[in-house]
Amino acid sequence: MLLKGLLSGLQYSCSGPLDVEIEDVVYDSRKVRKGSLFICLCGSSVDSHEFAGAAAAAGAVAVLAQKPVECAGAVLVLVDDTRIAMAQVAAAWLHHPAEEMTVVGITGTKGKTTTSYMIRSILEAGGIKTGVIGTIGAVFGDTVIKTDNTTPESYDVQKYLRMMADAGCKAAVLEASSIGLKDHRVDGILFDYGLFTNFSPDHIGGKEHKDVKEYM
């Protein structure tokens, strides 16, 4: 896919040609291969903008960043927020899998996992093959893929949705955690249904929310 196709709909500035062919999209510099688009993310402990140069040296032909970086030989694309941009790019790269299924999003302090599996059970009892992405992992059919977070990074959410659609799922249920929403991990998905379970003071401090107001 051409770089300009992946960036369609985004506001950006660019240092080079947009007709470069992209062979892979990665946000982990260790996974860069020739032809990759490398996306820089500002994490709570690591800022991968520091690895832009190494990614270019490893074969990345384009780098998506939210601040100027050195990436000799690669096209530099600058956006206001790479997390928002990554969600849109990932959806485009994986051909918008959410559009091929009915998608349910569940958020709230407690009950997301229980509710997601109740919904999956109801849908599958009705003959609708359904996948789930959440605390237990990405689950569809007999496949269970462990995930590090309740709501994975947006690229991984899109990857699992593509796997589900390709496996014949007609519905997907996603646990959309507050951190997942804050970090734009489910941007790029037009949910058919959204459920809110409840709210209680939790997930405050550390790498989560600074206070109850922000969490709400």
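How many bridges join strand 7 (residues 130-134) to strand 10? I began the notebook with this point, and I found four bridges between strand 7 and strand 10, which run parallel. I note at the outset that the model is predicted.

**Entry 1: strand 10 and its neighbours**

I stayed with the pairing and looked up the residues that face each other, finding that G131 stands opposite A172 in strand 10. I then turned to strand 6 (residues 102-107), which pairs with strand 10 in the parallel sense over five bridges; here the bridge partner of V103 is again A172 in strand 10.

Next I asked myself which residues of strand 10 point one way and which the other. I recorded A171, V173 and E175 on one side, with A172 and L174 pointing the other way, and all of them are buried. In a regular strand the side chains alternate between the two faces of the sheet. Since five of the five residues of strand 10 (residues 171-175) are buried, I wrote that this strand is largely enclosed by the rest of the structure.

**Entry 2: salt bridges**

I counted the salt bridges over the structure and arrived at ten. I looked at some of them one by one.

In the bridge between R33 and D24, the closest N and O atoms are 3.4 Å apart. I checked how open each partner is: R33 is partly exposed, with a relative accessible area of 41%, whereas D24 is buried at 15%.

I then took up K67 and D47, whose side chains meet in a salt bridge of 2.6 Å, N to O. The two residues are 20 residues apart and link distant parts of the chain, K67 being in the loop between strand 4 (62-65) and strand 5 (75-78) and D47 in the loop between strand 3 (36-39) and helix 2 (52-57). I entered K67 as partly exposed, because its relative accessibility is 36%, and D47 as buried, because its relative accessibility is 17%.

For R83 and E153 I noted a salt bridge of 2.8 Å, N to O. R83 lies in helix 3 (residues 82-93) and E153 in the loop between strand 9 (143-145) and helix 5 (154-166), so this pair ties together parts that are 70 residues apart in sequence. Which residues does the network with R83 and E153 contain? Salt bridges that share partners join R83, E153, D183 and R185 into one network. As for burial, I found R83 buried with a relative accessible area of 13%, and E153 is buried with a relative accessible area of 13%.

**Entry 3: a contact of R83 in space**

I also looked up L41, which is found in the loop between strand 3 and helix 2 and counts as buried at 6% relative accessibility. L41 and R83 are 42 residues apart in sequence, while their C-alpha atoms are 6.7 Å apart in space.

**Entry 4: the largest pocket**

Rolling a probe the size of a water molecule over the atoms shows where empty space is left. I read off about 1,200 Å³ of space for the largest pocket. Which of its 45 lining residues are the closest to the centre? I listed Y27, R83, N149, E153 and R185, and I marked that R83, E153 and R185 had already appeared in the salt-bridge network.

By class, I entered twelve nonpolar, 16 polar and 17 charged residues for the lining of this pocket. The elements that give two or more residues to the lining are strand 2 (24-26), helix 4 (112-125), helix 5 and helix 6 (178-182), and helix 5 gives the most, with four residues.

**Entry 5: aromatic pairs**

Finally, I searched the whole structure for aromatic pairs and noted two. In one of these, the rings of F199 and Y215 have their centres 4.8 Å apart and their planes at 35 degrees, so I recorded the pair as tilted. F199 is in the loop between strand 11 (193-196) and helix 7 (212-215), Y215 is in helix 7, and the pair links distant parts of the chain, 16 residues apart. I closed the entry with the accessibility of both rings' residues: F199 counts as partly exposed at 28% relative accessibility, and Y215 is buried, with a relative accessible area of 9%.

Technical notes:
Residues are numbered from 1 along each chain as its sequence is written. This is a predicted model: local features need pLDDT of at least 70, side-chain atom pairs count only at pLDDT 80 or more; totals for chains, interfaces and linings use all residues. Side-chain values use heavy atoms; hydrogens and water are left out. A salt bridge is a side-chain nitrogen of Lys or Arg within 4 Å of a carboxyl oxygen of Asp or Glu. Buried means under 20% relative accessible area, exposed over 50%, partly exposed in between (1.4 Å probe, protein chains only). On a 1 Å grid over the protein atoms alone, a cavity is a set of points where a 1.4 Å probe fits but cannot get out, and a pocket is an open set with protein on both sides within 12 Å along at least five of seven lines; lining residues have an atom within 4 Å of a point. Grid points are joined across faces, edges and corners, and a volume is the space filled by probe spheres set on the points. Ala, Val, Leu, Ile, Met, Phe, Trp, Tyr, Cys and Pro count as nonpolar, Asp, Glu, Lys and Arg as charged, and the others, Gly among them, as polar. Two strands pair if DSSP finds at least two bridges between them. Rings of Phe, Tyr and Trp (its six-membered ring) pair if their centres lie within 6.5 Å; planes under 30 degrees apart count as stacked, over 60 as edge-to-face and the rest as tilted.
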